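Hi,

Here is the structure I promised to pass on. Have a look at it first, and then read my notes below.

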Amino acid sequence: MKVSPPRPVINLLPDERRATVSLASIYALRMLGLFMILPVFALYAEQLQGVTPMLMGLAIGMYGLTQALFGIPLGALSDRIGRKPVIIGGLIIFAIGSVIAAVADSIYGVIFGRAVQGAGAISAVLMALAADLTREDVRLRVMASIGATIGISFALSLVLGPLLDRWIGVQGIFWLIAALSLGAIFVLRFGVPRIDSLPIPAAAQPGQFKAVLADRQLLRLDFGILVLHMILTAMFVALPHALRDHAGLAAPHHWYVYLPVMLAALVLMVPLIIIAERQRKMKPIFISAILVASLAQFAIAGFYDSLPMLVVLLVVFFTAFNVLEASMPSLVAKIAPNARKGTAMGIFSTAQFFGAFLGGTLGGWVSAHYGLQGVFIFCAGAAFLWLVAASSMAAPRYLSSHQVPVGQVDPSDAPQLALRLTQVAGVAEAKVVPEQGMAYLRVDWNALDHDA
């Protein structure tokens, strides 16, 4: 039996490593700013003028609406004037929104502040800058490293939020968030390598959006990330009240729950992700995680007045959450063709933030009309609808990017050469760039006929 040669490992260059660490740090600082108020805001909002459960939920999720609205336009602006100016502007806007929320004494002021925070929508621009500063061979690894900071930041925020609330209060947290945002500008200025020239922007192609929106596999993932973040945000409309008023845990001690829950969930997630990727069991593990998330939320609705049961169920839910959060961007990358991958990720990111807005708004409305139990049942039902939609998903292809030097090629012969390459076993896509003398492939490494 012939054994395929191992895939070559390409190391990061010093500037690529520096860019990865710096951009991941900026991402982490911004995500901490968004997530730290989740575990504490529902209780803090009780003292604000004009507060209702609906408005409280709107304040929690409002950043998601403006983030979704401004993400794509700011990405386009960065193509025209450069990445760093847009990132600096976004971080300043985020800091201004944080200050507005810090000085507000009414729920309406906080809602406005959160809306301004979200308007500094730089997530897509950060990823674009990472692409500008890295080679094709290592780009996926760099993107995964930066993306991993979301999960780490979220876990840290659930612990730091209650601790900081005890020491400096929620207003102090908003001031700290503003400082972190300005600190991120310092990291951008001195940590991220300089770009000598701006890449030539590609012309907008409405057909790309149409093709992505017509892809049912990608639409399932867009719907999934929307539901996942809707559940997460709605859950934190109710969970702080459940811990304090029903499970009997004082607000300053909520981190006693969040710390072991998140550590356990992260540990349990790792082997599941490894099995999903290495043993090519992504679909069954993915579907199972949605089912577990739905059942965990339904069980929380019945046992949120028991602290031990609540802790166990939160571990179960966040293990499933982490599996889904980590696997969905990978699935988008596997499913979307190279020519539409950027568009697919942009729509996916927009759906994620819009889900956060829906979660806060609908969670607040459900809480006002049906109480805490109603919120958890709503989350369980949303996950079940996602399960129905995801059950017919196709098993993902396990493709990797690969480059092959092809030498001098006449531009008129490039399409024919690309067609011949796709006929090689294990090659799913091929694009020949005559000016570079390179062919860019997406291959199934296990099935690739290396000799051919």
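Pro 193 sits in the loop that runs between α7 (136–191) and α8. This is a predicted model, by the way, so please read everything here with that in mind. Is Pro 193 buried or exposed? With a relative accessibility of 6%, Pro 193 is classed as buried, because the cut-off for that is under 20%. In sequence Pro 193 and Arg 18 are 175 residues apart, but 7.3 Å is what separates their C-alpha atoms.

Moving on to α8 itself, that helix covers residues 206–213, and Phe 209 is part of it. Phe 209 comes out as partly exposed, at 36% relative accessible area. Phe 209 also belongs to a nonpolar patch on the surface, together with Ile 72, Leu 213 and Leu 219. Taken together, the four residues of that patch have about 320 Å² of accessible area.

Next, the salt bridges. How many does the model have? The count is three.

Let me start with Glu 46 and Arg 244, whose side chains meet at 2.9 Å, N to O. This bridge links distant parts of the chain: Glu 46 is in the loop between α2 (38–44) and α3, while Arg 244 is in helix α9 (residues 216–246), and the two are 198 residues apart. Both ends are partly exposed, Glu 46 with a relative accessibility of 42% and Arg 244 with 29%.

Arg 244 has another partner, Asp 245, and their side chains form a salt bridge at 2.7 Å, N to O. Asp 245 is partly exposed too, at 44% relative accessibility. Through shared partners, the salt bridges join Glu 46, Arg 244 and Asp 245 into one network.

The remaining pair to mention is Asp 132 with Arg 83, where the N to O distance of the salt bridge is 2.6 Å. Asp 132 belongs to helix α6 and Arg 83 to helix α4 (residues 83–103), so this bridge ties together parts that are 49 residues apart in sequence. How do the two ends sit, buried or partly exposed? Asp 132 is partly exposed at 26% relative accessibility, whereas Arg 83 is buried at 9%.

Last topic: empty space inside. Rolling a probe the size of a water molecule over the atoms shows where such space is left. Searching the whole structure this way turned up five cavities of 30 Å³ or more. The largest cavity holds about 80 Å³ of space. Its lining is made up of Gln 67, Gly 71, Ile 72, Ala 121, Ile 122, Ser 123, Ala 124, Gly 346, Ser 349, Thr 350 and Phe 353. Which elements give two or more residues to that lining? They are α3 (53–81), α6 (123–132) and α13 (341–390). The largest share comes from α13, with four residues. As for chemistry, the lining of the largest cavity has five nonpolar residues, six polar ones and no charged ones.

One residue to pick out if you have the viewer open is Ile 72: it is listed in the surface patch with Phe 209, and it also appears in the lining of the largest cavity. Likewise, α6 turns up in two places, as the helix that holds Asp 132 and as one of the elements that line the largest cavity.

Cheers

Definitions and conventions:
Residues numbered from 1 in each chain as written. Predicted model: local features only at pLDDT ≥ 70, side-chain atom pairs only at ≥ 80, totals over all residues. Heavy atoms only, no water. Patch = residues over 30% accessible without salt bridge, like charges linked within 9 Å, V, L, I, M, F, W, Y side chains within 5 Å. Areas by Shrake-Rupley, 256 points an atom, 1.4 Å probe, with all protein chains shown as cover. Buried < 20%, exposed > 50% of the residue type's maximum accessible area, 1.4 Å probe, protein only. 1 Å grid on protein atoms, 1.4 Å probe; cavity = no way out; pocket = protein on both sides within 12 Å on 5 of 7 lines; lining within 4 Å. Points joined across faces, edges and corners; volume = space filled by probe spheres on them. Nonpolar A, V, L, I, M, F, W, Y, C, P; charged D, E, K, R; others polar.
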